[in-house]
Amino acid sequence: MMQLYDPLLALFHFDSQVVLWGKPVIQWSLLDWFDAYTGFVHGAPFVYPFWFIRDLFLVNIFASLIKKAVDSNPYISGIVLLAMSIALMQIGAYGLTLFSFTLGYYVVKFDISLEKVDNINIGLILVGYIAIISCFSIPFKCIYYVLVFPLVIVANILYLRIGYYLIDKKHDKYLLKIAPWSFGIFCFHEYFLRFFRKIASLIIPQIPVLVIIEYCILPIVLCLFCLLICKILNSLPFSPLKLLLGGRGSKSSKR
């Protein structure tokens, strides 16, 4: 719709994401639409945060095999699966899918609860996080493929601890209000972030101080806007959002 309205066309023309393959959305073929959902041709779907959905369909086929391998020898299987994930990333595939999918079973198998995570020293987590981030400055591409996996683990533990801190500080009522919509925010944030960046660059002078302020404020505005979009979509009688979220966020949901 925005591409058909000339004054807004510039805001909705983000490199290859909105006008894919040099064609407006209205001119897409059936193959273009299929690729927009799956990313089989161009490597990523149109809504980039859904990159994992296609991969999960494929990984689920091998779920039983992965479980048997981990059960037989979790340590050797972990090394082999990590090596396979790195190899997949080297050829342009999403190795993180295999890694994350398998990691979920390790969490269950070794009974890694939130209480156990809470016992990890926050100082050690922070030092590990900074150390891994710093290593990304090393100018070797292979470093990225190796470090991205521990970074995922350490970053998740760090933000879990930050979440605990916020809840302990009586902010839980705000977090609980937002929680049902978190997946909706995840779905929409990538596209609207591009949109807001474009607007910000047009109306805000791009000098360092203002850019830093913009960098801090934009995520807050973005989350509020995504919440509004989620609520509007969820209020529709036949909302695809209700199907996507499995009923979370709706008034009828008690979870």
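## Charges and a nonpolar patch

Let us start with E190, which is partly exposed, with a relative accessible area of 22%. This value, like the others below, comes from a predicted model. The side chain of E190 meets that of R194 in a salt bridge, with 3.8 Å from N to O; the cut-off for such a pair is 4 Å, so this one is counted. R194 is partly exposed too, at 21% relative accessible area. Why are R194 and E190 separated by about one helical turn? Because they sit 4 residues apart in helix α11, which covers residues 182-203. The geometry behind this is familiar: an α-helix has 3.6 residues a turn, so residues three or four places apart point the same way.

How many salt bridges does the model have by this rule? The count comes to 3. Turn now to helix α5, residues 63-72, where D71 and K67 are also 4 residues apart, about one turn of the helix. Their side chains meet in a salt bridge at 2.9 Å, N to O. K67 counts as partly exposed, because its relative accessibility is 40%. D71 falls into the partly exposed class as well, with a relative accessibility of 31%.

D71 has another partner: its side chain forms a salt bridge with that of K109, at 3.2 Å from N to O. Here the pair links distant parts of the chain, since K109 belongs to helix α7 (residues 95-109) and D71 to helix α5, 38 residues apart. K109 is partly exposed, at 34% relative accessible area. If you display D71 with both of its partners, you can follow the two bridges from one carboxylate: to K67 and to K109.

Not every charged side chain finds such a partner. Which residue is buried yet has no salt bridge? E214 is that residue, and its nearest side chain of opposite charge, R197, lies 6.3 Å away. Since a salt bridge requires nitrogen and oxygen within 4 Å, that distance does not qualify. E214 is found in helix α12, residues 208-235. What surrounds E214 there? Leaving aside neighbours within four places in sequence, E214 is in contact with A200, I204, Q206 and P219.

Next, have a look at helix α3, which runs over residues 30-38. Its buried residues are D32, D35, A36 and T38, and what covers them includes helix α4, residues 51-61. Just after α3 comes G39, with a positive phi of about 70 degrees.

The last stop is on the surface. Which residues make the nonpolar patch of about 870 Å²? They are L31, F34, F40, V41, L58, I61, F62 and L65. The elements that give two or more residues to this patch are α3 and α4. So this region has two sides worth viewing together: α4 helps to cover the buried residues of α3, and residues such as L31 and F34 take part in the surface patch. F40, one of the patch residues, has its place in the loop between α3 and α4. Its relative accessibility is 48%, so F40 counts as partly exposed.

Key
Residues are numbered from 1 along each chain as its sequence is written. This is a predicted model: local features need pLDDT of at least 70, side-chain atom pairs count only at pLDDT 80 or more; totals for chains, interfaces and linings use all residues. Side-chain values use heavy atoms; hydrogens and water are left out. Buried means under 20% relative accessible area, exposed over 50%, partly exposed in between (1.4 Å probe, protein chains only). Lys and Arg count as positive and Asp and Glu as negative; His and the chain ends are not counted. Contact means heavy atoms within 4.5 Å. Patches are made of residues with over 30% relative accessible area and no salt bridge: like charges are joined within 9 Å, nonpolar side chains (Val, Leu, Ile, Met, Phe, Trp, Tyr) within 5 Å. Accessible areas come from the Shrake-Rupley method with a 1.4 Å probe; for residues, only the protein chains shown count as cover.
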